[in-house]
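Please walk through the model below with me, moving from the level of domains and chains down to individual helices and strands.

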Amino acid sequence: MTTTAPNPAILAAPVQQGRSLWGDAFRRLRRDPAAVACFLVIGAYVALAVGAVYWYPDFLETQNYSERNLPPSADHWFGTDVFGRDVLAKTLLGARVSMTVGFMANAIAVPLGLALGVLGGYFGKWIDDLVVWLYTTLASIPGIILLIALKYAFQGIILFEGTFIELNLSGIHGLYIALGVLSWIGTCRIIRAETLKLKSLDYVTAARASGQGRVRILVRHIVPNLLHLAIINFTLGFVGAISAEVILSFLGLGVEVGTPSWGTMINAARLDLVVGRWWEAVAACAAMFVIVLALNIFGDRLRDALDPKLRI
Amino acid sequence: MGKFYAIAGLLVLALVLAPVGFLALRKKADYGDRTVLYQTYSAKVKSIDPATCGDTTSASMQGQVYESLYTYHYLKRPVEIIPQLAAEMPEISEDSRIYTFRLKPNIHYAPNPCFGIKPDGSFRTRTVRADDFALGLKRVADFHLQTPLAWSFLSERIVGLDEYRARCEAYREGDFSRYDMEVEGLEAVDDLTLRIHLKAPFPQLIYVLAMQTYAPVPRELIDYHLATEPGPGDERRPIPISRRTAQITQVEQIVGTGPYQLTHWQQGALMVFERNPEYRHGFYPTEGEPGDAEAGLLDDAGKPLPFVDVLHYECILEDMPAWLRFLSRQTDVSGIPRDVFDTVITPDRDLLDKWAKQGLRLSKFTDPTVFWLAFNMDDPVMGASKSLRHAMCLAFNVEDLIEVLYNGRGRRAVNVLPSSFPAHPIAGPGPYYRYDMEEARRQLDQARSELAAVGRLDANDQFPLLTVDLGGRDETSRRMGEFIRQQFEPLGLRVRIELNDWPTLQQKVHNKQCQLYAMGWHADYPDAENFLQLYYGPNIEKGTNNSNYRNPEFDALYDQVTVMPDEHDRNEVYARMVHMLNEDCPVLLLVEPMYYVLTYDWVKGYKRHPFAYGMTKHLRIDTQLRREMGGR
C-alpha cells in the first residue's frame with residue numbers, strides 16, 4: 001500500500017456542474033422539433049384563447065339575422081352560424097373555454113391525485129387502504145356516467161351567490177369541479193406507486209436516519225421527485241378534459257347557454273350537417289383535433305424527457 | 001402465420017356482421033294483407049288510462065281506443081260538435097243545471113277477457129251503459145289517481161263530486177269499493193240515459209265531454225284486471241288490496257269503444273293498434289266545408305270507418321331520423337324538421353316542385369296553440385314591476401323569432417287567445433305585444449323607479465340578473481335560450497338561461513321557483529274560457545294558473561262568464577278579460593305556430609283537426625299506389 005499526495009492539477013480544476021433533471025429535460029425538449037412545434041401550437045392556442053376575448057368582446061351581440069348560415073367566404077372565412085355570427089370568432093372563443101376547462105380541471109385533479117397518492121403511498125396502512133378504496137370505487141363506475149350524474153346533481157346550484165367568488169355549478173364552474181374531482185384517479189395511482197418505490201430508496205432511509213420528520217421527508221425528498229409525473233399527467237389530462245367538455249356540451253350539460261364552445265358548436269352542427277351546413281362542425285372538430293394532437297405529442301415527449309428510465 | 005391472419009380476419013368479419021345478422025333475425029311485423037298506416041311519434045306515451053291523460057302524445061294514442069259522448073265533425077270549420085256515443089245533443093233543463101244524455105244503443109266495447117271467455121276461447125263483449133260513464137267520471141275524481149288535467153275541468157262543477165273525491169281519501173288505493181259510493185250529481189237513469197246535475201250552469205260541459213278523458217269505463221275492467229290476477233290453471237285470484245293500483249297501465253286493461261284496440265305497446269319504441277271488430281258506429285262524414293269535395297275529402301262520404309286495419313306507430317324521438325324514415329317511404333305522414341324546412345318549402349310557403357314530383361302533398365294548419373314566456377307574478381322582481389314586464393314584451397322581436405327559429409312557420413300572438421277564437425278579434429291586439437325598443441326603454445326607466453321603490457335593484461342600482469327556465473336540453477332549446485338573451489341584452493337586462501328537462505321545469509313551475517319560463521297551451525275546446533282559466537286566481541292552487549296571476553276583477557268576470565249560456569255575450573266578457581291581461585302582461589306572448597304536414601299521394605282523406613283526437617279512422621291508404629311508388 002502506498003500513499004499518494006493529491007494531484008494539485010485535479011484540485012485546481014473547476015468542478016463540472018451536473019445538469020439538473022429539469023435542465024436536462026428542457027435541453028432535450030428544445031432539441032426535439034416535434035416537441036417544439038407542438039409547444040408552439042399549444043402556445044398559439046393559449047394566445048388565441050386569451051386574445052379572442054379582446055378581439056371579439058361583443059361576440060354575443062353580433063347576431064345578424066340576415067346573414068344566417070352563410071358558407072365560408074371572404075367576409076366570413078369559416079362561414080356564419082344560425083344567428084348570423086362569425087364561426088371563426090366562435091371557434092376562437094371556443095378555444096378559450098376548452099383551454100380554461102383543461103387548465104382548471106387539471107388544476108383540481110392533479111394536486112388532488114398528487115396529495116392522495118403521496119399520502120397513501122408514504123403512510124401506508126389505513127390511509128393507503130382508504131385511498132385505494134376510494135379510487136377503486138370511483139374507477140369501477142364508468143367515468144362519463146359519473147360525470148353526467150354529477151352535472152345533473154349540480155343543476156341549479158349556485159355557491160356563494162352575490163359574492164365575487166360566485167360559482168354557478170350549472171355552467172362552466174360546475175364543469176371544472178366535476179371534471180376535476182373525477183379525473184384524479186390516474187395521477188393518484190402513478191404517484192402512489194412511485195411513492196412506494198421512493199420511500200424505500202437509500203436517500204430517504206438516510207434522511208429518516210438523520211432524524212428528519214415525516215412531513216419534511218415528504219416535502220423535501222419525495223414530492224420534488226414526483227413533480228415530473230404530475231406535470232406529465234397535467235399535460236395528458238388536458239386532452240381528457242377538453243374531450244369531456246365537448247362531450248358534455250354535446251349532451252347539453254356543458255357550458256352555459258350563450259357561451260361559445262366547441263362542444264356546443266358540434267352539437268349545433270349535428271342538425272346542420274343533414275342539410276349540408278358543414279362549416280361549423282368542421283371548424284370545431286379541426287380546432288379540437290389540432291390541440292388534442294399537439295397536447296398528446298407534447299405530453300409524450302415531455303414524459304420521455306423527464307423519465308430517466310425511458311432514455312436510450 | 002398465414003393461418004393466423006386468416007382466422008383473425010374471419011373473426012373480425014364475424015364480429016362486424018354479428019349485429020347485422022342479429023337484426024336480420026328479429027321478427028319483422030307481419031300484418032299479412034291487411035292495410036297498415038305507418039307513422040312515427042316523437043315523445044313517450046305517459047298514460048294509457050283515460051283519466052290520467054295529460055299530454056298530447058298520450059291523448060292522440062288514446063284517441064284511437066277511447067270515445068266519449070261527443071266529438072267534432074271531422075271536416076267542418078269552424079269546428080262543430082256532434083254526438084259520438086250520445087244519440088243526440090243533451091236535453092238541458094231550464095236553469096241549465098241538469099243535462100240529460102241519451103246514449104246510442106248497441107255500442108259495444110272491444111272484446112276483452114274481463115267480459116268473459118266464449119267456449120271457442122275468444123273474448124266476450126257487452127254494450128255501453130250509462131253507469132259506465134258515471135264510473136269514468138268517478139275515476140277522474142278519484143283522489144288516488146293523478147288526474148290534474150281531467151279534474152281541473154270538473155272540480156266544483158258536478159253536485160257531490162268534490163265531496164266524493166274527499167271521501168275517497170279515506171279509502172286505500174286498492175279498495176275499489178269506493179266506486180260503489182253514490183254521487184248525487186251523477187245519475188244513471190237507465191242503461192241508456194245519463195243525467196248530470198251541475199252546481200251552476202256550465203255551458204262548456206259539452207266541450208268537456210267531447211274529451212276522451214271522460215270515456216266510459218266498465219266496472220268489469222276494474223274487478224277483473226285491477227282487482228284480480230292469473231292464478232293456478234285458468235282461475236283468477238284476488239290481488240291483495242295493498243298490492244293493487246287504481247291506474248290502467250297494461251295493454252290488456254284497455255277497454256274502449258273506439259275504432260281500434262291497442263295490441264302491442266313497447267314503451268318508448270312501438271305501439272300497434274288493430275281494428276276493433278265490435279266498432280260499427282262510425283261513418284265518414286257526408287258534408288264538409290267549401291273546397292273539401294274538390295280536395296277529394298268527400299270521396300269516401302258515408303262509408304263505414306275505419307279504413308285502415310292496423311296503425312303502426314314507431315317512437316323516434318329525434319326529428320331527423322323520423323324525417324329520413326319518411327323520405328325512404330317507410331312512413332306515410334310526417335312533419336318537416338326545422339333544419340330541412342328551406343330545402344322542402346319555397347319562400348312562398350309552398351312545396352318545392354321536386355318533392356311534389358315525388359308524390360308528396362303539403363297540408364298547412366294553424367293549431368289553436370299559443371306559446372309564451374310566463375312571468376312568475378309571485379317573483380319579487382317580476383311581480384313588483386308591471387313596467388318591467390311591459391319593457392320586456394316590447395323589446396322581444398317575435399317576428400325575428402318566427403323567421404330565425406320557426407322558419408316563418410307561425411304568426412305573432414297578440415293576445416292570449418288563438419286567432420281562430422271568436423273573442424280574439426273582439427279583444428284586439430295588446431298594446432305591449434309588439435316590437436318597439438324606444439317604448440321599451442321608456443318603460444324600463446319607469447321599471448327602475450318601481451323596483452327601486454321596493455328595494456329590488458342590486459347594490460349598483462342595476463336590474464338584478466334574470467333567470468329564464470326552458471323545458472329541454474336539446475339544441476333547439478339552447479338556440480331558443482340564446483335568442484332570448486339576444487332580445488333582452490340590448491335593453492341592458494342581464495339574463496341567465498337555465499335548461500331543464502321537462503319534468504324538472506314542471507316541478508319548478510309548480511313550486512313557483514321560476515322567474516320566467518317558456519310555456520304554451522293547446523286548446524282543449526273552442527271556447528276562450530279554456531285559455532282564460534290559466535289566469536283565474538283560484539286556479540293557482542289547482543296548478544293551471546302557473547303564472548300566479550291574481551286580479552279580483554278578472555276573477556269576478558270569470559265567475560260571471562263561465563255560467564253565461566249565450567256565446568255572443570260570453571265573447572264580449574272574454575274580450576274585457578283579455579284587455580286586463582293585455583295591460584298586466586302576466587305573459588310575454590310569442591307565437592301561434594303553423595304546422596306543415598306532408599303526406600304521400602297514397603294517403604287519402606287527411607285533414608288535421610284542431611281539437612279532436614282519434615281522427616285517424618278517416619284516413620284511407622291506397623296500398624296499390626303505395627307499392628307502385630316504392631312504399632312498404
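The paragraphs that follow take up the domains of chain B, its contact with chain A, the sheet behind that contact and a helix pair in chain A.

Since this is a predicted model, everything said here describes computed geometry. Chain B is divided into domain 1, covering 3-275, and domain 2, covering 369-593, and the C-alpha centres of these two domains of chain B lie 34 Å apart. Between them, 15 residues of domain 1 of chain B are in contact with 13 residues of domain 2 of chain B. On the domain 1 side of that contact, the elements of chain B that give two or more residues are helix 4 (148-154) and helix 6 (205-208), and the residues of this side divide into 10 nonpolar, five polar and no charged.

The contact between the chains can be read in the same manner. Here 20 residues of chain B are in contact with 20 residues of chain A, and the elements of chain B that give two or more residues to its side are helix 12 (398-405), helix 15 (475-488) and strand 18 (495-500). Helix 15 of chain B gives the most, with seven residues, while the residues of the chain B side as a whole divide into five nonpolar, three polar and 12 charged.

Strand 18 of chain B also belongs to an open sheet of five strands in the order 18-17-19-15-20, with mixed pairing. Strand 18 and strand 20 (587-589) of chain B each have a single partner strand, so they stand at the edges and one side of each is left without a neighbour in the sheet. Within the sheet, strand 17 (466-471) and strand 19 (516-522) of chain B pair in the parallel sense over two bridges, and Asp469(B) stands opposite Tyr517(B) in strand 19 of chain B. Helix 15 of chain B lies across strands 17, 18 and 19 of chain B, running at about 165 degrees to strand 18; helix 16 (502-510) of chain B lies across strands 17, 18 and 19 as well, running at about 135 degrees to strand 17 of chain B.

In chain A, helix 11 (227-250) and helix 13 (279-306) pack at an angle of about 165 degrees, with their axes 9 Å apart. Because angles over 145 degrees count as roughly antiparallel, helix 11 of chain A is roughly antiparallel to helix 13 of chain A, which helix 11 of chain A passes in a left-handed crossing. The residues of this helix contact divide into 14 nonpolar, four polar and one charged.

Methods
Residues numbered from 1 in each chain as written. Chains lettered and ligands numbered in written order. Predicted model: local features only at pLDDT ≥ 70, side-chain atom pairs only at ≥ 80, totals over all residues. Contact = placed C-beta atoms within 7 Å. Helix = DSSP H or I, 4+ residues; strand = E, 2+ residues; numbered from the N terminus. Nonpolar A, V, L, I, M, F, W, Y, C, P; charged D, E, K, R; others polar. Domains from an automatic or database assignment. Axes fitted to C-alpha atoms, helices over the stretch in contact; angles between N-to-C directions. Parallel < 35°, antiparallel > 145°, perpendicular 65-115°, else oblique. Left-handed = near helix turned anticlockwise from the far one by under 90°. Pairing = 2+ DSSP bridges.
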